[in-house]
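Trainee: Got a few minutes to go through this one with me? I'd like to ask some questions while we both look at it.

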2 protein chains.
Amino acid sequence: MSRSASGDRIDAWVESEKARMLSELEEWLRIPSISSDPARSGECRRAAEWLAAHLRSLGCEAVELLGSRTHPVVYSDGPTAAGRPTVLVYGHYDVQPPEPLDEWTSPPFEPEVRDGRLYARGASDDKGQLFAIVKAFEAALGQPGDLGVNVRFLVEGEEESVGRVLSQVLADRPELIEADVVLVADGPFYAPGWPVIEIGVRGICYAEIVVRTLEGDLHSGLYGGVAPNALEVLVRLLAELKSEGGRIRIPGLYEAVARPSLRERQSWQRLPYSADRFRRQEVGARQLVGERRYSVHERLWARPTLDIHGIRGGFVGDGMKTVLPAEARAKVSLRLVPDQKADTVLAQLTRAVHEAAPEYADVDVRLLGGTDPALVDVSHGAFEHLERAFRQVVGRSPAYTRSGGSLPILASLGQAGAAVALAGIGLPDDRAHSPNERLDIGQFSIGVRTFARFFQSMASSDEKEKR
Amino acid sequence: MSRSASGDRIDAWVESEKARMLSELEEWLRIPSISSDPARSGECRRAAEWLAAHLRSLGCEAVELLGSRTHPVVYSDGPTAAGRPTVLVYGHYDVQPPEPLDEWTSPPFEPEVRDGRLYARGASDDKGQLFAIVKAFEAALGQPGDLGVNVRFLVEGEEESVGRVLSQVLADRPELIEADVVLVADGPFYAPGWPVIEIGVRGICYAEIVVRTLEGDLHSGLYGGVAPNALEVLVRLLAELKSEGGRIRIPGLYEAVARPSLRERQSWQRLPYSADRFRRQEVGARQLVGERRYSVHERLWARPTLDIHGIRGGFVGDGMKTVLPAEARAKVSLRLVPDQKADTVLAQLTRAVHEAAPEYADVDVRLLGGTDPALVDVSHGAFEHLERAFRQVVGRSPAYTRSGGSLPILASLGQAGAAVALAGIGLPDDRAHSPNERLDIGQFSIGVRTFARFFQSMASSDEKEKR
């Protein structure tokens with residue numbers, strides 16, 4: 001059967017099954033599997049069980065829940081084709097917290113289709129994108145002939161909380177990630193019609209800074225003017241850590257930063273970047289900030305950053321309270337780039353915070369999660385199969401870019417020798433991690449059609465690709 | 001009857017009635033009359049009604065609830081003695097929010113006596129101290145002979161929230177505060193055995209600063225490095241507003257500040273101030289901060305201050321969320337001293353915030369409450385009566401000091417021509433506005449005994465004091 005006839009068949013199948021596929025996805029999205037919230041651990045388990053049952057319904061026989069009662073890794077062998085290439089599909093079933101709830105147009109765990117987009121927490125990141133691969137697997141299976149490729153699923157439930165279950169599972173059973181290629185859909189196209197394969201991700205060092213200045217809260221009228229205010233100390237300390245121009249003031253932080261090659265930076269300049277569109281429609285800001293001597297792409301993909309995620313302390317209810325707070329906390333994270341290491345950066349941050357703090361304050365830096373940055377080797381032949389599939393479906397070869405986000409598992413997958421292909425099918429305005437997260441339904445179809453072609457293309461490759 | 005026989009009689013009455021008085025007070029303290037919390041407005045009403053009923057039970061006939069359904073002013077004439085001096089008792093039945101709840105040893109609205117102290121929100125500020133005057137009135141009434149002095153009560157329910165009800169009531173009925181002397185118990189002794197009459201209070205300008213940098217929250221992985229972070233802007237802005245040395249960096253702010261006279265400052269130096277005790281036991285800090293060129297008393301009573309009371313923005317729940325916050329808010333207040341004006345300072349703060357903010361951020365300064373500072377004229381003869389009463393009960397004349405706190409009504413009371421006597425009977429470690437607020441029961445007795453003597457002394461004064 002010719003490649004194009006097979007492709008037409010896939011496209012027809014996707015069109016006829018679309019409504020069913022979306023209703024299955026909506027069922028999964030209704031489960032609030034927020035991994036960072038201990039109160040939702042039962043929901044994380046439910047989301048894992050839902051996926052396991054779904055994979056079984058597609059013919060996967062060895063579906064296991066591994067490593068944790070509450071946040072298990074879902075692992076599944078597809079139908080086996082001995083001696084043929086193996087594609088490992090990685091994704092995650094956990095989602096970010098939905099707060100602030102009042103900014104959602106429809107509730108985060110009640111999926112709703114509006115204007116050709118499916119709105120729900122996890123619609124894009126990552127249930128929806130992962131589900132496009134699952135459905136591509138179903139589509140490829142549904143085609144005449146044997147699948148001719150081994151497809152395995154490895155889906156974790158702690159990607160958004162940087163948990164330890166997956167690394168523990170892999171420490172016990174490293175063979176789980178033996179594969180020729182790892183396929184991941186957890187990110188956006190560069191723009192509509194512009195697919196990308198991301199070859200780098202930033203790492204992260206996420207910490208909480210705790211400041212204490214008093215034994216207990218005081219009345220600002222009675223003690224204001226002499227009593228140290230914990231929020232004031234915290235504010236001054238945070239202001240110290242980064243210049244207004246975006247330079248992080250942590251000694252040693254930039255020493256390990258490797259600049260991308262000139263070739264890579266030049267390729268980024270060929271992307272259809274519209275400064276105005278990016279700033280207004282995607283970021284939604286009056287002005288971009290940061291290190292002006294680096295391009296926006298370099299700032300996003302290849303420069304470390306420091307952001308404050310939340311501050312807690314004192315009185316934040318309605319009305320007035322003249323409290324002089326004894327304690328204040330900030331959640332901050334640094335995004336890391338090759339060749340930084342999360343543990344080194346934590347030590348640098350901790351030292352900088354202690355040095356910036358006045359002697360009358362107790363400060364503490366607590367790591368909440370860390371993962372190293374990673375870069376992928378793109379010499380593997382599987383990338384050509386994936387390039388071709390995208391070209392057939394969207395009419396353009398994917399560009400090789402990076403992601404500013406973090407993917408803890410990438411380093412492990414790469415170390416196991418597999419080619420890791422990060423080929424997200426979202427769009428830049430999917431609002432991952434924000435209110436009104438959504439997935440463009442057209443992109444979902446593109447994902448199913450592309451990945452089904454990729455599976456078939458891998459299956460029809462003449463020989464097992466080099467490892 | 002000799003003065004000392006009358007004093008003995010008062011003391012015996014206080015001793016025999018103490019348990020009953022405390023149980024009455026506990027009943028009142030159980031009502032969570034938090035005026036800054038709209039959800040508690042019904043409780044504020046209940047607290048007002050409780051007091052009104054109690055005053056009626058003591059023989060006050062004209063007890064009215066004025067100006068508001070939810071936060072009324074309680075106004076009451078005592079038994080009338082035509083032509084005799086009039087003492088107006090001012091206080092407030094509303095309390096501060098009790099948060100953080102988990103730092104309370106016993107729940108804030110379940111009064112509990114431990115080690116001779118009564119623990120509850122409002123035990124000291126101000127239900128407990130006001131109640132000492134109410135009971136002194138009862139004690140004085142219970143003595144043989146006519147009371148010989150007019151005692152009126154004016155008790156508001158918005159002192160902790162700087163509401164408008166009292167000022168509206170007084171605008172309609174200015175005669176309510178016509179009196180020879182206004183007695184207020186809402187503060188501490190300088191130290192045990194060291195009563196004070198406070199002749200000055202600081203004003204306050206309490207505002208919320210709102211910063212917005214983005215249309216919506218973003219994912220720090222995808223946009224960190226180029227997207228402006230509202231918390232970062234807020235932090236830098238707050239750090240700008242005050243130097244580490246305690247100097248407020250708001251142009252023009254210090255222009256209206258009048259330094260206390262050398263005589264007043266010298267009298268403060270005679271107070272039994274123990275730097276070590278104050279810092280460790282009262283403030284609970286490793287080091288005092290602020291403007292080192294001014295004494296601690298001057299910093300507390302006669303210098304403007306700026307404090308951050310709370311910051312809200314981003315994600316502060318458990319776990320990690322890599323949100324890049326679009327909006328952040330800070331509650332701040334400035335304490336003001338003579339001759340600053342709250343409305344002038346608000347304008348100065350607003351201008352400074354707008355000037356410090358980067359052009360890519362929207363900032364807004366919203367007034368939550370403001371009141372001017374005030375100083376009392378101490379030439380009125382009533383001060384001698386109060387001095388004598390304290391001398392009889394605690395063996396020492398009260399010192400004339402100031403309060404670092406704010407008392408919105410003081411300026412109005414003073415303008416009406418009355419002598420205002422701020423004679424708190426709390427202790428410095430009462431923890432007003434903090435968890436585990438308490439009232440020393442011995443101090444409560446001192447209050448009842450002193451104020452009952454004061455009423456009788458005023459009653460036996462030969463003529464109506466000059467207005």
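Here are the trainee's questions with the mentor's replies, all about a predicted model.

Trainee: Which rotation superposes chain B on chain A?

Mentor: The superposition comes out with an RMSD of 0.0 Å, and the shift along the axis is 0.0 Å. The two copies are thus related as by a two-fold rotation axis. The rotation you're after is 180°.

Trainee: And which residue of chain B comes closest to that axis?

Mentor: Go by the C-alpha atoms here: the closest approach in chain B is 2.6 Å. The residue is Val235(B).

Trainee: What share of the interface residues of chain B are also interface residues in chain A?

Mentor: The copies meet through the same surface, because the interface residues of chain B turn up in the interface of chain A as well. The share is 100%.

Trainee: Which residues have the most contacts inside the largest nonpolar core?

Mentor: That core has 106 residues. One of the two you want touches Ile209(A), Val211(A), Gly313(A), Ala328(A) and Ala330(A), leaving aside residues up to four places away in sequence. The pair is Leu234(A) and Leu234(B).

Trainee: Which strands stand at the edges of the sheet β4-β5-β18 in chain A?

Mentor: It's an open sheet of three strands with antiparallel pairing. An edge strand has a single partner, so one side of it is left without a neighbour in the sheet. That gives β4 (112-114) and β18 (438-440) of chain A.

Trainee: By how much are neighbouring strands of this sheet turned against each other?

Mentor: Take the average and ignore direction. The angle is 25°.

Notes
Residues are numbered from 1 along each chain as its sequence is written. Chains are lettered from A and ligands numbered from 1 in the order in which they are written. This is a predicted model: local features need pLDDT of at least 70, side-chain atom pairs count only at pLDDT 80 or more; totals for chains, interfaces and linings use all residues. A nonpolar core is a set of buried Ala, Val, Leu, Ile, Met, Phe, Trp, Tyr and Cys residues joined through C-beta atoms within 7 Å. A residue is buried if 20 or more other C-beta atoms lie within 10 Å of its own, exposed if 12 or fewer, and partly exposed in between; C-beta atoms are placed from the backbone. Two residues are in contact if their C-beta atoms, placed from the backbone, lie within 7 Å. Copies are superposed by least squares on the C-alpha atoms of residues with pLDDT of at least 70 in both. Two strands pair if DSSP finds at least two bridges between them. Helices (H or I, at least four residues) and strands (E, at least two) are DSSP runs, numbered from the N terminus. Axes are lines fitted to C-alpha atoms, for helices over the stretch in contact, and angles run from 0 to 180 degrees between N-to-C directions.
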